[in-house]
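Thank you all for coming, and please have the viewer open on your screens while I talk. I would like us to go through one protein slowly, so that anyone new to reading structures can follow each step.

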Amino acid sequence: MIDEQTARERVVTAADRLFYARGVQAVGMDAVRGESGVSLKRIYALFPSKEELIVAVLRHRTDRWNAGITDAVGGAGTPRERLLAVFDFLADWFREDDFRGCAFINVFGELGGGSDRIAGAVREQKESFGREVAGLVRAAGGPDHLAPQLVLLAEGAQTTAAISRDPDMAGHARAAADTLIRCALDDVGEPATTA
């Protein structure tokens, strides 16, 4: 018999693969059992509801996302290059065979606000990414308003790349980000206002 931590990891990894490929609502717990090799009884002992499993999968995805961003940024030289490395990370991801867009947006789109816990896990990831980008902007000496602009480019690129099946969206977003970064770092005036 496998220990609890190993069983939990197997279930979360299997559910993550299935949810991402097929959608949360299309995947039943029997499919998770078959993919993970963990009995249904054990799955329900670990995750008493599908909602709990979805939240665990989203937390797992958050950890993977954070590690990917950290690796990409860590390999860049200057603060400006670290900001652009976020878009290089996206470019690599968009070219993966199983790319289906942002798992967080996909889950939220499927389930909407039907679960406060799931919506909270999605918001937590988006806010965490925003804080990471804001830290990179500060390190580059950029104005505060630059961070949400770059986040919007990254989020929009994920959605557009998934829908269009065009991995080059990351490059377009990177070029736009480069322009925003150059303008923001050269501009010492007030933040741009929206209409």
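I will begin with the overall fold, then turn to the annotated regions, the salt bridges, and a few single residues.

Before anything else, please keep in mind that what you see is a predicted model, and that the values I quote are computed from it. The secondary structure comes to nine helices and zero strands, so if you read the elements from the N terminus on, you simply go α-α-α-α-α-α-α-α-α. Along its principal axes, the C-alpha trace spans about 60 × 35 × 30 Å. Of the 195 residues in the protein, 40% are buried.

Let me now turn to what the database record says. An unreviewed UniProt entry carries the annotation "domain: HTH tetR-type", which covers residues 5–65. In the model, that span is 80% helix and 0% strand, and its end C-alpha atoms lie 21 Å apart. The unreviewed entry also carries the annotation "DNA-binding region", for residues 28–47, and here the model shows 75% helix and 0% strand, with the end C-alpha atoms 13 Å apart. Please treat both labels as coming from the record, since such annotations may be inferred rather than shown by experiment.

Now to the salt bridges, where a search of the whole structure finds 10. A good one to start with joins the side chains of Arg33 and Asp30, with an N to O distance of 3.9 Å. How far apart are Arg33 and Asp30 in helix 2? They are three residues apart, about one turn of the helix, which spans residues 29–36. Both partners are partly exposed, because Arg33 has a relative accessibility of 36% and Asp30 has a relative accessible area of 46%, and partly exposed is the class that runs between the 20% and 50% limits.

The next salt bridge connects Arg80 with Asp178, and the closest N and O atoms are 2.1 Å apart. This pair links distant parts of the chain, for Arg80 sits in helix 5 and Asp178 in helix 9, 98 residues apart. Is Asp178 buried or exposed? With a relative accessibility of 18%, Asp178 counts as buried, because the limit for buried is under 20%, whereas Arg80, at 30%, counts as partly exposed.

Asp178 also has a second partner, since its side chain meets that of Arg182 in a salt bridge of 3.6 Å, N to O. Asp178 and Arg182 are four residues apart in helix 9, and therefore separated by about one helical turn. Arg182 itself is partly exposed, with a relative accessible area of 41%. Elsewhere, Asp16, Arg61 and Arg64 are joined into one network by salt bridges that share partners.

Let us move on to charge at the surface. Which residues gather in a patch of negative charge there? They are Asp92, Glu96, Asp97 and Asp98. Of these, Asp92 lies in helix 5, which covers residues 79–94, and Asp92 counts as exposed because its relative accessibility is 57%.

Asp98, another member of that patch, brings us to Ala21, because I would like you to look at two places where the chain folds back on itself in the sequence numbering. Ala21 belongs to helix 1, residues 4–22, and counts as exposed at 51% relative accessibility. The C-alpha atoms of Ala21 and Asp98 are separated by 7.4 Å, although the two residues are 77 apart along the chain. For the other pair, the C-alpha atoms of Leu53 and Arg8 are separated by 9.7 Å, with their positions 45 residues apart along the chain. Leu53 lies in helix 4, residues 50–74, and with 0% relative accessibility it counts as buried.

I will finish with a residue whose backbone deserves a careful look. Arg165 has a positive phi of about 55°, although it is not a glycine. Where does Arg165 lie? Its place is the loop between helix 8 (146–164) and helix 9 (169–186), and at 76% relative accessibility Arg165 counts as exposed.

Technical notes
Residues are numbered from 1 along each chain as its sequence is written. This is a predicted model: local features need pLDDT of at least 70, side-chain atom pairs count only at pLDDT 80 or more; totals for chains, interfaces and linings use all residues. Side-chain values use heavy atoms; hydrogens and water are left out. Patches are made of residues with over 30% relative accessible area and no salt bridge: like charges are joined within 9 Å, nonpolar side chains (Val, Leu, Ile, Met, Phe, Trp, Tyr) within 5 Å. Accessible areas come from the Shrake-Rupley method with a 1.4 Å probe; for residues, only the protein chains shown count as cover. A salt bridge is a side-chain nitrogen of Lys or Arg within 4 Å of a carboxyl oxygen of Asp or Glu. Lys and Arg count as positive and Asp and Glu as negative; His and the chain ends are not counted. The place of a charge is taken as NZ of Lys, CZ of Arg, CG of Asp or CD of Glu. Helices (H or I, at least four residues) and strands (E, at least two) are DSSP runs, numbered from the N terminus. Buried means under 20% relative accessible area, exposed over 50%, partly exposed in between (1.4 Å probe, protein chains only).
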